[in-house]
Amino acid sequence: MTSATTAHSVVEPSTTTRRFAGTLVVLYAIITMIPLVWIMLTAFKSPDDAISYPPKVMFKPSLEGFCNLFTTRSRQTPEFIRSLGPPQGLCDDIARSRNMVVAGPSNYVPRFVNSLIIAFGSTVLAVALGTLSAYGFSRFRVPLKDDLLFFILSTRMMPPIAVAIPIYLMYRTIGLSDTRLGMILLYTSVNVSLAVWLLKGFIDEIPREYEEAAMIDGYTRFQAFVKVVLPQATTGIAATAIFCLIFAWNEYAFAVLLTSGNAQTAPPFIPIIIGEGGQDWPAVAAGTTLFLVPIVVFTVLLRKHLLRGITFGAVRK
Amino acid sequence: MAEVEIKAVSKAFGKTQALSDLSLTIGDGEFVALLGPTGAGKTTALRLIAGLEQPDSGSIRIDGRDVTGDAPADRDVAFVFQQYSLYPHLTVFENMAFALRAPTRRMPEADIRAKVQEVARLLHIETKLDNKATQLSGGQMQRVAIGRALVRSPSIYLMDEPLSSLDAKLRGELRLELKRIQVDLGATILYVTHDQTEAMTMASRIGVIEGGRLMQIGTPREIYENPINAHVAARLGQPTINLLPAALFAGAPVGVETIGARTEHLTIARGGGDISATVKRVEHLGDQSHLHLDLAGRPVVTLADPEAGFGAGDVVSLRLNRPLFFDAKGWRVAA
């Protein structure tokens, strides 16, 4: 009796079970999404609506947050503003209604570009180095292989911030503070351990007969690696790249400590938009909303690989 | 095509001696099969010739040239793997063209296309060329795997149990086809298998390998009729040769410890033989029957005519008819 019931539930979950599971997943998704939706709503609110109590769900959308995000403004007397010509675009119009004029562009775009360069740069480097070392660990008899792999993993066992002061001093001495290169190298070195471990698992699963066949067919080992191993490791590479990118994109502590005027990334910049004379939450929310876009796009593009990537090895053929 | 000469090659993996002092010459256009159980060192021999492993000692010459230290790509050999031989991310055509597209060959695209189509026709897979390699049946996959090797004209084809993952019927078909192709192309093939039927039907010579040592090499007939020891004798013949203590029979030559009796060495009758045995079980195979006998507590398996009408519990008499004799260590003793 018991075994029959078990067998049944393993083969095909009942409709009730499936509905219950579905409800749970939807509920979880909603709970996770509420803060994000709230941020996006706030981005389109006026500063007054953003801090009104009770919070407004229905409101008149405004682009003031985005204007304040991308510009710097200076306060002027109403007489001076009236003496000016017609407003130059939407943002100038909004600024004038608050007795301000647009003084110039903000630093958001250069900070965002820094984030893009540093996050994608370090991801590419970490994944490239990770793939090569994972292949080496997977295919060759490396002396002290297990110890080396453990050592690589052990760099992940402490919070990276524990080494912040030494790195700060080191970077100051060799001139890497506040440079994009410095941040790329730093994030690469943090991510490469994750990349090696993840990718080694994937490459171990690719039978070595494929490369051997290619090598007998007239290819060198490196050519066989490129032609045969890489195409089959795309799933693992994509999953690893997403994990690396998310880390580098979101990293805050090192960015605060090591960057300022030149190589500052978006995470330390967004909180300081908060502004003078009143807290400009719509601008912060607008900065955060735009900050989410690259990760969302990247993840959506690679989602097929990601799903297979994180469940890899769980299901055996 | 060329001659391949393996001289005193040994290889160990850690403490395991995979191959000891293997010497073997495969003549131009010859089909040699290495027959042995799993772990006998057959695959190691192929991998050494291909250059996927380096021998601890000894040398390998292909077409008179010493290739012992050469990279696999420089040896001009083709390898058919037991499995995993097709690239899952490529189509059948691309799989077969893969070797021809190697940077060292620089073959014109038109020639590649022509060659792949020619081989595909030979293997009856010309309609499957645009399929992904993973969309094929087991038999088709194995044909493509063989096709991958056939598009080239290497010095030697190395085949590692290419048919073992197929079902019996397909295996029979491909066995015939492979032999036909080998004869047509005059190809030199070293074929590794644990299936005696494959070795017997396709090979011009069989090398019996056991525990990393080449025990005996010769034509299928020689190996079958004149095995040098009991191991080799037990490798060939269906049902397996019956190894019985010589003491059970009168008149064995001096020094003979074991008598090897195949079906053709045993005459079964209702009475009047040298020794009597009890029928334990009869397996009907259709055209013939396997007779399981109990001879003084030892199992004996032999073939019988279904018409003979033996049944479980019958007492029969056996007569030996020029059997094989082995000494205490299992070596052959002349009759």
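Two strands count as paired here if DSSP finds at least two bridges between them. By that criterion, chain B of this predicted model contains an open sheet of six strands with mixed pairing, in the order S6-S7-S8-S3-S9-S10. The edges of the sheet are strand S6 (77–80) and strand S10 (213–218) of chain B, each of which pairs on one side only. Averaged over the sheet and with direction ignored, neighbouring strands are turned by 20° against each other.

At the S10 edge, the partner is strand S9 (residues 205–210) of chain B, and S9(B) and S10(B) run antiparallel over five bridges. Within this pair, Ile206(B) stands opposite Gly218(B) of S10(B). Helix H4 (residues 138–150) of chain B packs on the sheet, where it touches S6(B) and strand S7 (156–160) of chain B. The direction of H4(B) makes about 175° with that of S6(B).

The sheet belongs to a chain with eight helices and 19 strands. Chain B has 335 residues, of which 41% are buried, and its C-alpha trace spans about 75 × 45 × 35 Å along the principal axes. Among contacts in chain B with a separation of 6 or more, 64% join residues 24 or more positions apart.

Confidence can be read alongside this description. Chain B has a mean pLDDT of 89, and 99% of its residues reach 70 or more. Within the chain, confidence is highest in strand S3 (residues 31–35) of chain B, at a mean of 95, and lowest in strand S13 (residues 266–269) of chain B, at 85. S3(B) is also one of the strands of the six-stranded sheet, placed between S8 and S9 in its order. For the model as a whole, ipTM is 0.81 and pTM is 0.78.

The next topic is the nonpolar interior. The largest nonpolar core has 138 residues. Those with the most contacts inside this core are Ala33(B), Ile49(B), Phe79(B), Tyr157(B), Leu158(B), Leu190(B) and Tyr191(B). Helix H10 (residues 180–204) of chain A nevertheless gives the largest share of the core, 12 residues. Around Ile49(B), and leaving aside residues up to four places away in sequence, the residues touched are Val4(B), Ile6(B), Ile60(B), Val77(B), Leu158(B) and Leu190(B). Another core, of 20 residues, lies apart from the largest one and includes Phe44(A), Phe66(A), Ile94(A) and Ala285(A).

Chains A and B meet through 15 residues of chain A and 19 residues of chain B. On the chain A side, helix H11 (209–216) and helix H12 (221–232) are the elements that give two or more residues. H11(A) provides the largest share of that side, six residues. By residue class, the chain A side divides into eight nonpolar, four polar and three charged residues.

Several local backbone features remain, in both chains. A cis peptide bond joins Tyr53(A) and Pro54(A), with omega about 0°. Pro54(A) sits in the loop between helix H3 (47–51) and helix H4 (64–70) of chain A. In chain B, a cis peptide bond links Gln238(B) to Pro239(B), with omega about -5°. The loop that holds Pro239(B) runs between helix H8 (230–235) and strand S11 (242–245) of chain B.

Positive phi angles occur at two residues that are not glycine. Asp178(A) has phi of about 55° and is found in the loop between helix H9 (164–174) and H10 of chain A. This residue counts as partly exposed because it has 16 C-beta neighbours inside 10 Å, a count that falls between the limits of 12 or fewer for exposed and 20 or more for buried. Arg106(B) has phi of about 50° and lies in the loop between helix H2 (92–97) and helix H3 (109–122) of chain B. With 8 other C-beta atoms within 10 Å, Arg106(B) is exposed.

A last residue to locate is Phe20(A), in helix H2 (residues 15–43) of chain A. Is Phe20(A) buried or exposed? Phe20(A) has 12 other C-beta atoms within 10 Å and is therefore exposed, since the class takes in counts of 12 or fewer. Phe20(A) and Gly121(A), 101 residues apart in sequence, are 43 Å apart in space from C-alpha to C-alpha.

Terms used. Residues numbered from 1 in each chain as written. Chains lettered and ligands numbered in written order. Predicted model: local features only at pLDDT ≥ 70, side-chain atom pairs only at ≥ 80, totals over all residues. Contact = placed C-beta atoms within 7 Å. Helix = DSSP H or I, 4+ residues; strand = E, 2+ residues; numbered from the N terminus. Nonpolar A, V, L, I, M, F, W, Y, C, P; charged D, E, K, R; others polar. Axes fitted to C-alpha atoms, helices over the stretch in contact; angles between N-to-C directions. Core = buried A, V, L, I, M, F, W, Y, C linked by C-beta atoms within 7 Å. pLDDT = per-residue confidence, 0-100.
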